[in-house]
Amino acid sequence: QVQLVESEGGLVQAGGSLRLSCVASERTFSTYAMGWFRQAPGKEREFVASISGRGVMRLYADSVKGRFAISRDNAKNTLYLQMSGLKPDDTAVYHCAARSSALASTRSYEYDYWGQGTQVTVSS
């Protein structure tokens with residue numbers, strides 16, 4: 001199994017930036033595509049971004065395209081989400097996830113392992 005641990009989120013003012021990280025306890029980290037999903041109160045979990053095992057392919061939700069950047073450092077078994085131009089609508093619990101495939105995916109059901117989640121709050 002793969003254990004995933006997200007960094008602490010935080011409270012950020014609108015327009016600000018924040019970087020999330022997710023550390024995986026897996027030697028073959030590069031064989032797993034990774035993703036970020038988020039869930040706001042009263043809303044369903046939604047896709048944010050995904051990256052293939054080697055980082056060649058990156059997928060983004062339209063709502064974050066141009067503002068968020070997903071990346072990974074396979075030598076450190078770490079996934080990142082760099083967020084800039086944050087908006088109040090970005091407020092949510094963010095989860096990283098690992099897929100038992102190297103192909104990036106936007107679908108949550110295709111991911112097999114999930115982090116505990118971290119709260120990101122953007123104030124107006």
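## Reading an all-strand fold, one feature at a time

Guide: Let's begin with a pair of neighbours: strand 7 and strand 8 (residues 78–83) run antiparallel and are joined over 6 bridges. Please keep in mind that this is a predicted model.

Visitor: Happy to. What lies between strand 7 and strand 8 in the chain?

Guide: A turn: the two strands form a hairpin with 4 residues between them. One residue to look at there is N77, in the loop between strand 7 and strand 8.

Visitor: What should I notice about the phi of N77?

Guide: Its sign. Phi of N77 is near 55°, which is positive although the residue is not a glycine. N77 also has a relative accessible area of 16%, so this turn residue counts as buried.

Visitor: And how do I read the side chains along strand 7?

Guide: Follow them one by one through residues 68–73 and you will see them alternate. F68, I70 and R72 point to one face and are buried, whereas A69, S71 and D73 point to the other face and are not buried. To cross from strand 7 to its partner, start at I70: its bridge partner in strand 8 is L81.

Visitor: Let's step back to the whole chain. How many helices and strands does the protein chain have?

Guide: There are 0 helices and 11 strands. Read from the N terminus, the order of elements is β-β-β-β-β-β-β-β-β-β-β. The radius of gyration is 13 Å, close to the 14 Å that the globule rule gives for 124 residues, so the chain is as compact as a globular protein of that length. Along the principal axes, the C-alpha atoms fill a box of roughly 40 × 25 × 25 Å.

Visitor: What share of the contacts comes from residues far apart in sequence?

Guide: Among contacts with a separation of 6 or more, 59% are between residues 24 or more positions apart. As for burial, 48% of the 124 residues are buried. The chain exposes about 6,500 Å², and carbon and sulfur atoms supply 47% of that area.

Visitor: Now the interior. What is the general idea behind a nonpolar core?

Guide: In soluble globular proteins, nonpolar side chains tend to be buried together. Here, the largest nonpolar core has 33 residues, and M34, W36, L79, L81, M83 and Y94 have the most contacts inside it. Several strands give two or more residues to this core, among them strand 3 (18–24), strand 4 (33–39), strand 7, strand 8 and strand 11 (118–123). The largest share, 5 residues, comes from strand 9.

Visitor: Which residues does L79 touch, leaving aside its neighbours within four places in sequence?

Guide: The list includes L20, C22, F29, M34, W36, I51 and C96, and it also takes in I70, S71 and R72. S71 and R72 belong to the alternating strand 7, where R72 is on the buried face and S71 on the other.

Visitor: What about charged residues? What is the general idea there?

Guide: Side chains of opposite charge can pair when their charged atoms come close. The structure holds 5 salt bridges, and R38 is a good place to start. R38 forms a salt bridge with E46, with the closest N and O atoms 2.7 Å apart, and another with D90, at 2.9 Å from N to O. The R38 and D90 pair links distant parts of the chain, with R38 in strand 4 and D90 in the loop between strand 8 and strand 9, 52 residues apart.

Visitor: Are R38 and D90 buried or exposed?

Guide: Both are buried. R38 has a relative accessibility of 5%, while E46, at 31%, counts as partly exposed. R38, E46 and D90 are linked with R67 in a network of salt bridges.

Visitor: Where could I see a salt bridge between exposed residues?

Guide: Look at K65 and D62, whose closest N and O atoms are 3.1 Å apart. K65 is exposed at 51% relative accessible area, and D62 is exposed at 65%.

Visitor: Last stop, the start of the chain. Where does Q1 lie?

Guide: Q1 is in the segment before strand 1 (4–6), and its 76% relative accessibility makes it exposed. Beyond its sequence neighbours within four places, Q1 is in contact with S25, E26 and Y113. The C-alpha atoms of Q1 and R19, by comparison, are separated by 26 Å.

Notes:
Residues numbered from 1 in each chain as written. Predicted model: local features only at pLDDT ≥ 70, side-chain atom pairs only at ≥ 80, totals over all residues. Heavy atoms only, no water. Buried < 20%, exposed > 50% of the residue type's maximum accessible area, 1.4 Å probe, protein only. Pairing = 2+ DSSP bridges. Core = buried A, V, L, I, M, F, W, Y, C linked by side-chain atoms within 4.5 Å. Contact = heavy atoms within 4.5 Å. Rg over C-alpha atoms; globule rule 2.2 N^0.38 Å. Areas by Shrake-Rupley, 256 points an atom, 1.4 Å probe, with all protein chains shown as cover. Salt bridge = Lys/Arg side-chain N within 4 Å of Asp/Glu carboxyl O.
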